[in-house]
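Trainee: Please pick one part of this model and take me through it closely. Then place it beside a few other parts.

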Amino acid sequence: MQPELQMNTQTAQLALAQNKVLRNTYMMLSLTMIPTVIGAWIGMSLNFAFMAQHPVLSVLGMLAVMFGMFYAIQANRNNSLGVVLLLGTTFLFGLMLGPILQTALQLSNGAQLVGMAAGGTGVIFFTLAGIATVTKKDFSFMGKFLFVGLVMLVIASLANVFFQVPAASLAISAIAIMIFSGYILYDVSRIVNGGENNYVMATLALYLDIYNIFVNLLNLLMAFSGNRD
């Protein structure tokens, strides 16, 4: 009986630790929306003409900044500086929403489309996160497939920067929504099943999932439902 009791105690402690990581992740994820909204509000008033004139340099520059911030967050994930860097990164992501929000709000129903994209993103996130949390199913098997899909998506996106094919852009957005929806299942499952024990890194992963779903969903809504009159 003693070994069984010890095993049950360890299982209970592990479950408590995983629930704490999940709870802290959701709290931090909610907090990241504040600098994102502030950054987006500032970004809507900025002039992004340079990005339009030099798309390749802009994309490469943004990738360099993003990966630099990701590395800094990873290096400081166990201290308070990691939280500060995470919030700073979400502010920068908010700034990068400027161009698409400017484009959206030029449409007569642009504000409605932004709201629909935000609402749709919320529905996708809470549904998939709920499935991963309630079922506690291990979705780690999706990791390799999602990573391959992500690599192909990045390559296709970079190629489309050169070719600027509208149909390809829409296809890329649709595929991106599916890939990052899969990543929500994968990332929440890792937290629930003990694969991710650091709430800063867990928050960053889920934030990127939500951000990319929102951007690509808004892109599709503007293409199919945008009122340009």
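Mentor: Here is one helix in detail, followed by a helix pair and two single residues.

This is a predicted model: local features need pLDDT of at least 70, side-chain atom pairs count only at pLDDT 80 or more, and totals for chains, interfaces and linings use all residues. Residues are numbered from 1 along each chain as its sequence is written, and side-chain values use heavy atoms, with hydrogens and water left out.

Start with helix α4, residues 80-96. Helices here are DSSP runs (H or I, at least four residues; strands are E, at least two), numbered from the N terminus. The length of α4 checks out: its 17 residues should span 24 Å, and the end C-alpha atoms lie 25 Å apart, which agrees. The expected span is 1.5 Å times one less than the number of residues.

N79 caps the N-terminal end of α4. A side-chain oxygen of N79 sits 3.0 Å from the backbone nitrogen of L81. A polar contact is a pair of N or O atoms within 3.5 Å, one able to donate a hydrogen and the other to accept it.

Now burial. Buried means under 20% relative accessible area, exposed over 50%, partly exposed in between (1.4 Å probe, protein chains only). The buried residues of α4 include V83, L86, T90 and F93. G82, L85, T89, G94 and L95 are buried too. An α-helix has 3.6 residues a turn, so residues three or four places apart point the same way.

L87 also belongs to α4. At 24% relative accessibility, L87 counts as partly exposed. Beyond its neighbours within four places in sequence, L87 is in contact (heavy atoms within 4.5 Å) with M28, L31, T32 and P35. F162 is 75 residues from L87 along the chain, and their C-alpha atoms are separated by 32 Å.

Elsewhere, helix α6 (residues 110-135) meets helix α8 (residues 166-192). Their axes, lines fitted to C-alpha atoms over the stretch in contact, come within 8 Å and cross at roughly 40 degrees. Among the residues making the contact are F125 and L128 of α6, with I184 and L185 of α8. The contact residues split into 11 nonpolar, three polar and no charged. Nonpolar covers Ala, Val, Leu, Ile, Met, Phe, Trp, Tyr, Cys and Pro; charged covers Asp, Glu, Lys and Arg; the others, Gly among them, are polar.

Two asparagines remain. N216 lies in helix α9 (residues 199-225). At 12% relative accessibility, N216 counts as buried. Leaving aside neighbours within four places in sequence, N216 touches I172, S173, A176 and I177. N19 lies in helix α1 (residues 2-43). At 41%, N19 counts as partly exposed.

Methods: Axes are lines fitted to C-alpha atoms, for helices over the stretch in contact, and angles run from 0 to 180 degrees between N-to-C directions.
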